[in-house]
Amino acid sequence: MWSLLVIQAISLIASVFLIVAFFSLFERQFLGSTQIRFGPHKVMISGLSQPIADAIKLLSKLYQRPHFGFWGLYWIGPSLMVFLGGFVWFSLPLPFSPWWPTVGGLMIFLVLSMSVYGTIFSGWFSFSKYGVLGAIRSVTQAISFEIVFTYSFFLALLSIQSFKMSSFINNWPIFIVTPWVGVVLFISLVAESGRSPFDLSESESELVSGYTIEYGSIHYTTIFLGENISVIFSSWFLASVVFGLCNGLTIMALCCLFIWLRATVPRIRYDQMMEVCWIVILPFMVNSTFTFTLIIF
């Protein structure tokens, strides 16, 4: 039993990293097509080996760390990002898992609530004022939308009366029962993933590159992997919870939606983002949760 569980876990993690590698190639090709230009197409056949070339380039760059502080703490942030990004995938209803399928919803709550620590450590232990400011903005944004996400996901779990993620497949899709919950879940996951138009912590001109400014080589590679893993998981989560269709076509369509937002939607101001979260979405979700609970019980 345990040997099958280990083999399954290794296969799952390897598959996730392989998908993430080629997701970066697909994203660059998609962005190129939206701007009527070529994406990566030089390396081997139509650029299929571009992710391998990018990985070699990033890993071969000069390895540096801050002169102050303990170098082990400098590693915590990127390592935590990629670890949590891979660990959250075990909330899937796997056949040989002893307990994860029964509490997959709670596991998602736990892992996503811990994801902000990777950003905190990355900014703080980089010993850079720009990194700290970028981390503060990113953590504030993540915690704000995490509350909205919790309300929305709790309402979705309440509608199926189960913590099993597989239960969403056997019920009415959330976008039919409570369509506003699906919209709020999508907005929350875009914000927590740090994708456009909510990529404020990395793209503000006064913050240079946010909490990633002091990271390069393998450190930046792990942060990049963690962010892309978050996008893939968000697509799977929305496909399962909102649409009730856990298949490759639905997940791919949602990934395209994430990329399309990056290509077309302008970045909003930080104050506008916080206003939408705390003044518009959160009161609406609290009221809808209370009303929906009264209707059910």
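What follows is a conversation about reading the features of a predicted model.

Biologist: Where do I start: how many helices and strands does the protein chain have?

Modeller: Start with the inventory of elements. Here we have a predicted model with twelve helices and zero strands in the protein chain. Read from the N terminus, the order is simply α-α-α-α-α-α-α-α-α-α-α-α.

Biologist: And which residues does the "transmembrane region" annotation cover?

Modeller: An annotation is best read next to the coordinates. The unreviewed UniProt entry puts "transmembrane region" on residues 6–26, 68–92, 104–127, 172–191, 236–261 and 273–296. Take two of them. Residues 104–127 are 83% helix and 0% strand, with end C-alpha atoms 37 Å apart. For residues 172–191 the model gives 85% helix and 0% strand, and the ends lie 26 Å apart, C-alpha to C-alpha.

Biologist: What span does helix H6 reach, and what would be expected?

Modeller: Compare the end-to-end distance with a rise of 1.5 Å a residue. H6 takes in residues 129–160, 32 residues in total, and reaches 46 Å from first to last C-alpha, close to the expected 46 Å. Just after H6 comes Gln-161, with a positive phi near 55°.

Biologist: How much of the chain is buried, and what supplies the exposed area?

Modeller: Of the 297 residues, 48% count as buried. The chain exposes about 15,000 Å², and carbon and sulfur atoms supply 71% of that. You can also look for patches: Trp-172, Phe-175, Ile-176, Val-177, Phe-243 and Leu-245 form a nonpolar one on the surface, with about 590 Å² of accessible area together. Leu-245 sits in the loop between helix H10 (217–241) and helix H11 (248–264). That residue counts as partly exposed because its relative accessibility is 43%, between the 20% and 50% cut-offs.

Biologist: Is Phe-258 buried or exposed, and what is it in contact with?

Modeller: Read the accessibility, then the neighbours. Phe-258, in helix H11, has 1% relative accessibility, so Phe-258 counts as buried. Leaving aside neighbours within four places in sequence, its contacts are Phe-186, Val-190, Arg-195, Val-231, Ser-234, Ser-235 and Leu-238. Phe-258 and Ser-234 are 24 residues apart in sequence, yet 9.5 Å apart in space, C-alpha to C-alpha. For the whole chain, 77% of contacts between residues at least 6 apart join residues at least 24 apart.

Biologist: Can a loop residue be read that way too? Is Ser-49 buried or exposed?

Modeller: Go through the same steps. Ser-49 lies in the loop between helix H1 (2–34) and helix H2 (50–59). Ser-49 is buried because its relative accessible area is 13%. Beyond residues up to four places away, Ser-49 touches Val-43 and Met-44.

Biologist: Now the charges: how many salt bridges does a search of the whole structure find?

Modeller: Five. With each pair, ask what parts it links. In one of them, the side chains of Arg-195 and Glu-27 meet at 2.5 Å, N to O. Arg-195 is in the loop between helix H8 (179–192) and helix H9 (200–203), while Glu-27 is in helix H1, 168 residues apart. Both Arg-195 and Glu-27 are buried.

Biologist: Which other residue is linked in a network with Glu-27 and Arg-195?

Modeller: Arg-262 is linked with them in a network of salt bridges. Glu-27 and Arg-262 meet at 2.7 Å, N to O. Glu-27 lies in helix H1 and Arg-262 in helix H11, so this pair ties together parts 235 residues apart in sequence. Arg-262 is partly exposed, at 44% relative accessible area.

Definitions and conventions: Residues numbered from 1 in each chain as written. Predicted model: local features only at pLDDT ≥ 70, side-chain atom pairs only at ≥ 80, totals over all residues. Heavy atoms only, no water. UniProt positions renumbered as here; feature names shortened; annotations may be inferred. Helix = DSSP H or I, 4+ residues; strand = E, 2+ residues; numbered from the N terminus. Buried < 20%, exposed > 50% of the residue type's maximum accessible area, 1.4 Å probe, protein only. Contact = heavy atoms within 4.5 Å. Expected span 1.5 Å × (residues − 1). Areas by Shrake-Rupley, 256 points an atom, 1.4 Å probe, with all protein chains shown as cover. Patch = residues over 30% accessible without salt bridge, like charges linked within 9 Å, V, L, I, M, F, W, Y side chains within 5 Å. Salt bridge = Lys/Arg side-chain N within 4 Å of Asp/Glu carboxyl O.
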